[in-house]
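Work through the exercises below with the sequence and the structure at hand. Try each task before reading its solution.

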Amino acid sequence: MLKRLVERDIYDLLGRIADSYRLRVPGLLDDGTRTLLPWDGQQISLFGEPPQRKPTAYFFPQTDPLLKIDPRGQATPAAVAEKPFALFGLDSIDLAALAFTDRFFSNPPPDDHYLRRRNGALLIGLTGYAGPSRGFLPLVKGNCDLELIACGEYWLARAGCKSADHWLAHYPPGDQEQLAVLQRESAQWNHRAAVDVQQAMELLRQDMVPDSFWEEIASRCILCSGCNLACPTCTCFCVQDRQTATGTVRSRVWDSCQLDAFMREASGHNPLGTEALRTRRRIYHKLVADPERWGEPGCVLCGRCDRACPTGIGMFAVAKEIASRFAISSPD
Amino acid sequence: MPQPLNDSTSIYVPQPCTLLEVSDLTPQEKLFRLCLDSGGELGQQPGQFVQVSIPGLTEAPISVANSPTRRGYFELGVRKAGTLTGAMHQLQPGDTLGIRGPFGRPFQLAALVDKEVLLIAGGCGLAPLRSLIQYCQDRPGDFKSVHILYGARSPQDLLFKEDLENWQSSETFSCRYIVDKSPGSSCYDGETGLITRLIGALEIDSKNGCAVVVGPPPMYRPVIAELRRLGLTGKRQIMLSLERQMRCGIGKCGHCTIEHLYCCTDGPIFWLEEIEHLRGAL
């Protein structure tokens with residue numbers, strides 16, 4: 001089902017969605033950046049830079065109460081809001097990150113706490129000419145319930161699954177030829193960092209990156225953990241208990257593999273006992289361990305860690321250094 | 001899209017259990033005997049662990065120290081090392097705890113059947129290995145022979161002293177233990193030195209041998225080298241239990257990863273060849 005919408009139709013569509021969901025839409029902040037905001041009919045920022053806040057945080061928040069324990073020791077799971085989220089404005093990269101965390105938390109034994117929030121949520125992609133300066137964002141290959149495709153003066157809309165068809169039922173048909181043009185453009189679209197990251201992945205897999213490189217990169221790390229906290233596929237957490245007047249609230253809280261205590265055991269043994277080992281782990285896990293485990297890298301090329309890192313050792317920067325320093329040129 | 005959930009329970013909610021007995025193993029280690037308040041069995045297999053929960057102090061992973069063949073209770077050997085284990089050491093019979101689990105890949109029991117089995121523990125590693133030793137004790141016909149080797153730092157660090165005497169006098173096992181150092185004031189008259197000394201003294205049919213090793217991380221490499229000198233050079237001949245920080249026990253928190261493996265779900269029991277090539281595993 002392909003439909004044609006104009007901009008006021010988008011507000012109509014979102015208004016209907018907001019009746020059943022906690023709808024979040026892209027809004028423009030005073031500093032010029034965009035973020036997803038609760039929607040109450042306000043103006044939506046339909047074009048621009050991707051929001052820095054990771055979309056996976058809606059289903060795996062930074063502090064996430066898991067359960068309550070009453071003074072008698074009886075534990076009950078923490079309640080999850082009845083109304084599910086609807087997230088509007090996700091590009092193909094953020095949708096890939098959500099698909100990654102969906103698979104991670106669904107892997108047996110499934111993480112019921114994540115799934116309670118995620119099940120029933122509505123993911124709405126925003127693609128086509130909706131990028132910075134109305135640049136092109138590739139179309140989505142699945143991973144979302146609805147997709148709005150910016151085509152200049154109008155929008156194409158399609159449902160990602162049968163159950164979402166009804167949202168678009170009363171709009172006029174869209175132009176299939178226009179969709180085909182955009183699909184061809186998507187197939188030719190390349191991420192600017194993809195080559196470096198792919199090359200770094202191969203060099204790491206072949207063990208071509210010496211320990212001295214990680215020592216050098218780690219010496220620039222100030223342990224702010226911003227890379228992990230910004231990354232939409234970072235799912236590591238620690239557990240904290242907070243005492244309240246009515247008992248104990250146990251929460252999981254985002255953790256960072258860049259920190260010394262991340263793997264330190266009660267015995268004092270620490271498999272990641274140096275900054276170099278931890279920095280290597282951060283990159284290696286995304287580019288080698290995740291593909292081995294899940295069939296695809298944990299880096300979805302969103303660039304958030306590079307934007308967050310104050311010392312320039314995010315994924316793109318490190319991959320570029322690896323590719324430029326250790327790649328063996330192919331013989332002519 | 002994730003799959004729908006069928007019920008309202010949560011994998012993060014501990015089930016209540018009650019402390020039946022507490023006994024001192026050493027000045028730093030105690031043995032806790034517990035039962036589930038539900039009246040059911042824990043259902044563990046040798047080598048598995050539970051997450052022990054105390055409100056206000058979160059959770060800690062503790063190996064189960066008794067065999068499932070000993071029914072009606074489960075036991076945890078716990079060294080006082082942090083706030084949660086420190087609080088556990090203050091508990092009295094009748095007190096309650098929370099438990100999640102059992103979790104993890106257990107010892108590969110089928111691989112030990114009809115084998116010359118070497119059970120090698122260092123320090124606190126005897127607690128999880130005890131579950132397998134008891135299992136072997138209760139199924140003596142399953143194995144060709146069972147050799148227990150145990151090393152501790154000093155005589156006062158030896159765990160399960162009564163069990164050690166029992167195993168030494170048992171016809172099911174050969175059992176030797178050794179301490180790194182024995183202070184002159186000690187009345188200990190047993191062997192001193194590293195556990196590798198005990199391995200080198202063994203005579204076994206190496207082609208039919210299988211070793212299970214549980215100990216502190218620095219123990220693994222020298223013990224593996226000694227086992228190889230003994231002739232255990234094939235696949236599925238050396239099984240290890242790895243120690244890692246585990247916050248969840250179910251492969252979600254990420255603290256126990258070894259490259260692409262999750263120690264809490266892919267382990268803690270591994271065949272040597274599964275992890276030997278992975279950086280940081282040993």
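Two residues are in contact if their C-beta atoms, placed from the backbone, lie within 7 Å. The model is predicted: local features need pLDDT of at least 70, side-chain atom pairs count only at pLDDT 80 or more, and totals for chains, interfaces and linings use all residues. Residues are numbered from 1 along each chain as its sequence is written, and chains are lettered from A and ligands numbered from 1 in the order in which they are written.

**Exercise 1.** Find the contacts of Thr235(A), leaving aside neighbours within four places in sequence.

Solution. Start with the place of Thr235(A): the loop between helix H7 (226–230) and strand E10 (237–244) of chain A. Helices (H or I, at least four residues) and strands (E, at least two) are DSSP runs, numbered from the N terminus. Next, list the partners in chain A: Phe60(A), Thr101(A) and Phe104(A). Then add those in chain B, Lys252(B) and Gly254(B).

**Exercise 2.** Decide whether Thr235(A) is buried or exposed.

Solution. Take the rule: buried means 20 or more other C-beta atoms within 10 Å of the residue's own, exposed 12 or fewer, partly exposed in between. Thr235(A) is buried because it has 22 C-beta neighbours inside 10 Å.

**Exercise 3.** State how many residues each chain gives to the contact between chain A and chain B.

Solution. Chain B gives 35 residues and chain A gives 40. Now sort the chain B side by class: 15 nonpolar, 14 polar and six charged. Here Ala, Val, Leu, Ile, Met, Phe, Trp, Tyr, Cys and Pro count as nonpolar, Asp, Glu, Lys and Arg as charged, and the others, Gly among them, as polar.
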